[in-house]
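Visitor: I should be grateful for a close look at a single part of this model. Please begin with one residue and then place it in its wider setting.

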Amino acid sequence: MCAGPGAPEYALLGTGNQLTFHALGRAIIQEPTCAEGKSEVIKIDPYKTSQRCPKCGTVRKENRHHDIHEYICDNCGYRSNDDRIGAMNIQMLGMLWLSGDEKPSIKKLTTAE
Ligand SMILES: [Zn+2]
């Protein structure tokens, strides 16, 4: 088991403050149980993960609307919560890593200009 109630990442989530990718990464790295178990922890570069449309691959900073916490793709119309978009892109980077890419990046996932 990687973590339970009271583990650092749960404590951070419960504060009501925004949990940045940097803080989350730090919390995960400080959790030794995961690294010692069968699960593998990989550090993903969060660069542009909230700016890439997971449907068509367009990367555009202006598509992320901080004021309404949404990403609205101006190429294909895909629309979702901006943090969800970030999570979807991080998952895709993880899939690239699982397929053998040692340094997955948003650039490799981008299909539209
Ligand atoms: Zn799109």
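In which loop is serine 105 found?

Guide: The model is a predicted one. Serine 105 is found in the loop between α4 (82–98) and α5 (106–109). Its relative accessibility is 26%, so serine 105 counts as partly exposed, given that this class lies between the limits of under 20% for buried and over 50% for exposed. When residues up to four places away in sequence are not counted, serine 105 touches Leu93 and Leu96. A further distance concerns methionine 92, which is 13 residues apart from serine 105 along the chain; the C-alpha atoms of the two are separated by 9.5 Å.

Asparagine 63 offers a second loop position for consideration, between α3 (32–36) and β1 (64–65). Here the relative accessibility is 3%, and asparagine 63 therefore counts as buried. Its side chain makes a polar contact with the side chain of tyrosine 71, at 3.2 Å. Neighbours within four places in sequence aside, the residues in contact with asparagine 63 are Thr58, Glu70, Tyr71, Ile72, Cys73 and Asp74.

As for the wider setting, the chain contains 5 helices and 3 strands, which follow the pattern α-α-α-β-β-β-α-α along the sequence. Of its 113 residues, 27% are buried. Among contacts between residues at least 6 apart in sequence, 40% join residues at least 24 apart. The chain exposes about 7800 Å², of which carbon and sulfur atoms supply 54%.

Conventions: Residues are numbered from 1 along each chain as its sequence is written. This is a predicted model: local features need pLDDT of at least 70, side-chain atom pairs count only at pLDDT 80 or more; totals for chains, interfaces and linings use all residues. Side-chain values use heavy atoms; hydrogens and water are left out. Helices (H or I, at least four residues) and strands (E, at least two) are DSSP runs, numbered from the N terminus. Buried means under 20% relative accessible area, exposed over 50%, partly exposed in between (1.4 Å probe, protein chains only). A polar contact is a pair of N or O atoms within 3.5 Å; within protein, one must be able to donate a hydrogen and the other to accept it, and residues adjacent in sequence count only if both atoms are side-chain atoms. Contact means heavy atoms within 4.5 Å. Accessible areas come from the Shrake-Rupley method with a 1.4 Å probe; for residues, only the protein chains shown count as cover.
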